[in-house]
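Please keep the model open in your viewer with side chains available for display, and follow the stops below in order. Each stop names what to select and then says what is found there.

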Amino acid sequence: MTDQITDWFSQHIVHGALQLGSRMSILAVSGGVDSMVMAELYLRSGCPVVLAHVNYQLRGEESNGDEEFVRKWAQERGLPFEMLRVDGRQEFKAQGEGIQEGARRIRYEWLEEIRKKHDAQWIATAHHLNDSVETALFHLIRGCGLRGLHGIPFKSGSMLRPLLGFTKEELLQWAASHGVFYRTDSSNETLAYTRNQIRHTVIP
């Protein structure tokens with residue numbers, strides 16, 4: 001599967017119907033394994049990209065370390081880098097939002113601004129097959145009906161999820177075999193969030 005990811009990305013994302021080889025994309029990069037695999041695939045393909053990172057300052061030095069990691073990765077490879085730093089807890093409280101809800105709103109609103117700034121066609125996120133399954137179950141729990149069971153779409157508006165056909169384990173294997181360094185978000189392990197409960201207790 002390791003080689004299949006590279007081949008599939010080249011055939012269907014870069015040279016396929018999307019023709020990304022000549023079109024600017026904004027990459028939403030957190031520093032985690034999923035987004036770093038995506039960034040590495042885009043880098044190796046030669047597609048024009050801008051790396052975009054949001055620091056919500058929710059995990060103290062860990063959050064700042066993520067920001068510096070992505071910034072350094074982009075600079076070492078001569079790639080444009082955009083960064084947004086917000087006081088997440090204060091912002092979410094002011095808007096009456098939960099952490100995940102507020103983070104998603106801020107992230108997508110800002111990414112769309114960056115897309116327009118750079119006249120890019122796509123905003124690429126590193127959602128994978130596990131994310132789509134989690135989303136479908138999350139919607140089912142909330143009683144969304146059949147529409148929500150579709151999970152995460154491959155394309156929607158200016159959003160593109162090029163890794164949606166691969167599992168988390170496949171991305172981890174690709175990262176290991178290609179020497180991709182990444183950061184680990186400790187908040188992904190807590191069961192305080194419904195998505196994490198689905199990820200760690202329901203899906204297994």
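Begin by selecting Lys168, which is partly exposed, with a relative accessible area of 29% (buried means under 20% relative accessible area, exposed over 50%, and partly exposed in between, with a 1.4 Å probe and protein chains only). Before going further, note that this is a predicted model, in which local features need pLDDT of at least 70 and side-chain atom pairs count only at pLDDT 80 or more, while totals for chains, interfaces and linings use all residues. Residues are numbered from 1 along each chain as its sequence is written, and side-chain values use heavy atoms, with hydrogens and water left out.

Now add Asp34 to the selection: Asp34 and Lys168 form a salt bridge, with their closest N and O atoms 3.1 Å apart (a salt bridge is a side-chain nitrogen of Lys or Arg within 4 Å of a carboxyl oxygen of Asp or Glu). Because Asp34 lies in helix 2 (residues 33-45) and Lys168 in helix 7 (residues 168-177), the pair ties together parts that are 134 residues apart in sequence; helices (H or I, at least four residues) and strands (E, at least two) are DSSP runs, numbered from the N terminus. Asp34 is buried, at a relative accessible area of 14%.

Next, select Arg85 and Glu67, whose side chains meet in a salt bridge of 2.5 Å, N to O. Arg85 belongs to strand 3 (residues 81-85) and Glu67 to helix 3 (residues 61-76), so this pair ties together parts that are 18 residues apart in sequence. Glu67 is buried, with a relative accessible area of 5%, whereas Arg85 counts as partly exposed at 44%.

A further stop is the network of salt bridges that links Arg59, Glu62, Asp66 and Arg183. A search of the whole structure finds 14 salt bridges.

Finally, turn to the nonpolar interior. The largest nonpolar core has 31 residues, and those with the most contacts inside it include Leu27, Val37 and Met38 (a nonpolar core is a set of buried Ala, Val, Leu, Ile, Met, Phe, Trp, Tyr and Cys residues joined through side-chain atoms within 4.5 Å). The largest share of this core, seven residues, comes from helix 2. Select Met38 and display its surroundings: leaving aside neighbours within four places in sequence, Met38 is in contact (heavy atoms within 4.5 Å) with Leu27, Ala28, Ala124, Thr125, Ala126, Pro162 and Leu163. Apart from the largest core lies another, of 18 residues, among them Ala28, Ala52, Leu84 and Phe92.
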